[in-house]
Amino acid sequence: MLPAAPPRARLACAAVLAALACSPREVDPDSLRAAEVLRIHVEERTGAPVLLLRERDGSRVLPIWIGPAEARAIAAALAGEIPPRPQTHDLARTLVETLGARIEQVVVTELREGTFYAEIHLARGGHRQVVDARPSDAVALALRARRPIFVRSRLFDEAGGSVEEPPAERRPGKRARPGPRVET
């Protein structure tokens, strides 16, 4: 059995722990932030669907321009609709499960030259596999499989906005900025 720490040492330890708990912490830009689908928005000017991912424990929103078919698939999954025949993302989920794997999570990983990239993380036995995907497909699959969605923190900083503040291209009096390209 260890002897009890002297009162002065206990006080010093308590002060260090309190300082760590209270000090502001920087978020690692490569850290993953849990996200959820806020909604599918249709851009007024172009009619293009925009997937809005909201940081689960924050107010930041990441807009991702997507195609109409993917927007319909995501909207149907959000509404809990079960199609009479399997749609593409239902088929993908069934294939993964039939092959003995499971979808662990999806991650929106980067924005390169105006295009977002994502990964689908799979597990089978003790093995892990990461599959490259478009964010819209990854999100649609995550919704169908009821799996978590993550976004690299730096993407919220680079291309996101907040729930209270619309994206720059929609703010009155501000010059429009080009948004990420629609996925194809």
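In this predicted model, contacts between residues 24 or more positions apart make up 55% of those in the chain with a separation of 6 or more. The chain has 184 residues, and 35% of them are buried. What remains open to the surroundings amounts to about 11,800 Å² of exposed area, with 56% supplied by carbon and sulfur atoms.

A walk along the sequence helps to set the scene. The secondary structure consists of 5 helices and 8 strands, and these follow one another in the pattern α-β-β-β-α-α-β-β-β-α-β-α-β.

The interior is a good place to look next. The largest nonpolar core brings together 30 residues, and those with the most contacts inside it are Leu-51, Leu-53, Leu-62, Ile-64, Val-108, Ile-120 and Val-151. Helix α4, which spans residues 135-145, gives this core its largest share, 6 residues. Apart from this core lies another one, of 5 residues, including Val-50, Leu-52, Val-61 and Trp-65.

Leu-51 offers a friendly example of how one residue meets its partners. Leaving aside residues up to four places away in sequence, Leu-51 touches Val-37, Arg-39, Ile-40, Leu-62, Pro-63, Ile-64, Ile-66, Ile-74 and Val-139.

Helix α4 itself is mostly covered, with 10 of its 11 residues buried. Among the buried residues of α4 are Val-139 and Leu-141, but also Ser-136, Asp-137 and Arg-144. Just after the helix, Arg-146 adopts a positive phi of about 55°.

Note on methods. Residues numbered from 1 in each chain as written. Predicted model: local features only at pLDDT ≥ 70, side-chain atom pairs only at ≥ 80, totals over all residues. Heavy atoms only, no water. Core = buried A, V, L, I, M, F, W, Y, C linked by side-chain atoms within 4.5 Å. Buried < 20%, exposed > 50% of the residue type's maximum accessible area, 1.4 Å probe, protein only. Helix = DSSP H or I, 4+ residues; strand = E, 2+ residues; numbered from the N terminus. Contact = heavy atoms within 4.5 Å. Areas by Shrake-Rupley, 256 points an atom, 1.4 Å probe, with all protein chains shown as cover.
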